[in-house]
Amino acid sequence: MTVTPETIAAVDAAISSRRSIRAYLPTPVPRETVAEILSVASRAPSGTNTQPWKVHVLAGDARRRLSARIRAVYDDAEQRQQHTEEYAYYPTEWRSPYIDRRRKVGWDLYGLLGIGKADKVRMHAQHGRNYDFFDAPVGLIFTIDRVMQQGSWLDYGMFLENIMVAARARGLDTCPQAAFTQFHRVIAEALALSPEEMVVCGMALGHADPGAVENSLVTEREPVEGFARFHGF
């Protein structure tokens, strides 16, 4: 690869413009485009080339059926209590600065949407939009074989990032969604997953709705000096 200012700018723009988009236009995304993105993303590194990722791509009625099945459980308080995450995505003990960042992004988003701290009904409805893939035309469900260990989950993260960056290079947006893990049993039944498949997360893919206020959210990032130590320079 020949490095030029243009190639650097293009790669940097695809990475730095990636955001979690929570409202989409109904504009379809061709199957061929999704396949291209997944093909590029599959160049992610993985230990001894194990390539631990599996992807279920949903569009049209298939996406709507899965969303409807999950929403039926999510919107029923009694049923919802019977479903828990299969793995811990978040820490069991929150500490600063992580809890501070979590709270800030949550209230920044709800603030844009005009949802107050006591408005449990609207909070529930907004969180439920996860299961509609925020109305994106394409929904992705990612799974991994249960035999794979922590290193393969690190590899998986690089694969997910590649998808999001490759999508940006094509003018598309995404939202990675750990919310789906709570309803892994519903997903497993709906998609006929094998017993060996474990749900990692979901992801919305499509064209961002430029008029949606929630898409104006830009999360803060710690400066390099705050998280990196340089040795030997």
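**Close-up 1. Tryptophan 107 and tyrosine 110 share helix 5.** Helix 5 spans residues 98–113, and the two residues sit three apart in it, about one turn of the helix. The model shown here, as in every view below, is predicted. A search of the whole structure finds 14 aromatic pairs. In this pair the ring centres of tryptophan 107 and tyrosine 110 are 5.7 Å apart and the planes meet at 65°, so the geometry is edge-to-face. The cut-off for that label is a plane angle over 60 degrees. Tryptophan 107 has 34% relative accessibility and counts as partly exposed. Tyrosine 110, at 16%, counts as buried.

**Close-up 2. Lysine 117 lies over the face of tryptophan 107.** The distance to the ring centre is 5.3 Å. Tryptophan 107 is thus seen again here, the residue that forms the edge-to-face pair with tyrosine 110.

**Close-up 3. Five aromatic residues form one cluster.** The members are Tyr74, Tyr131, Phe133, Phe180 and Phe183. Tyrosine 74 also has a charged neighbour: arginine 80 lies over its face. Arginine 80 is placed at 5.5 Å from the ring centre.

**Close-up 4. Strand 2 pairs with strand 1 and with strand 4.** Strand 2 covers residues 138–145. Seven of its eight residues are buried, so the strand is mostly covered. Strand 1, residues 54–59, runs antiparallel to strand 2 and is joined to it by six bridges. One contact to look for is valine 57, whose bridge partner in strand 2 is leucine 140. Strand 4, residues 197–206, is also antiparallel to strand 2, with eight bridges between them. Here glycine 139 has alanine 204 in strand 4 as its bridge partner. In a regular strand, side chains alternate between the two faces of the sheet.

**Close-up 5. Cysteine 175 and cysteine 201 are not bonded to each other.** Why is there no bond from cysteine 175 to cysteine 201? The sulfur of cysteine 201 is the closest cysteine sulfur to that of cysteine 175, yet it is 10 Å away, too far for a bond. The cut-off for a disulfide is 2.5 Å. Seen from cysteine 201, the closest cysteine sulfur is likewise that of cysteine 175, at 10 Å. Both residues are buried: cysteine 175 has a relative accessible area of 3%, and cysteine 201 has 7%. A search of the whole structure finds zero disulfides.

Methods:
Residues are numbered from 1 along each chain as its sequence is written. This is a predicted model: local features need pLDDT of at least 70, side-chain atom pairs count only at pLDDT 80 or more; totals for chains, interfaces and linings use all residues. Side-chain values use heavy atoms; hydrogens and water are left out. Buried means under 20% relative accessible area, exposed over 50%, partly exposed in between (1.4 Å probe, protein chains only). Helices (H or I, at least four residues) and strands (E, at least two) are DSSP runs, numbered from the N terminus. Two strands pair if DSSP finds at least two bridges between them. Rings of Phe, Tyr and Trp (its six-membered ring) pair if their centres lie within 6.5 Å; planes under 30 degrees apart count as stacked, over 60 as edge-to-face and the rest as tilted. A charge sits over a ring if NZ of Lys or CZ of Arg is within 6 Å of the ring centre and within 35 degrees of the ring normal.
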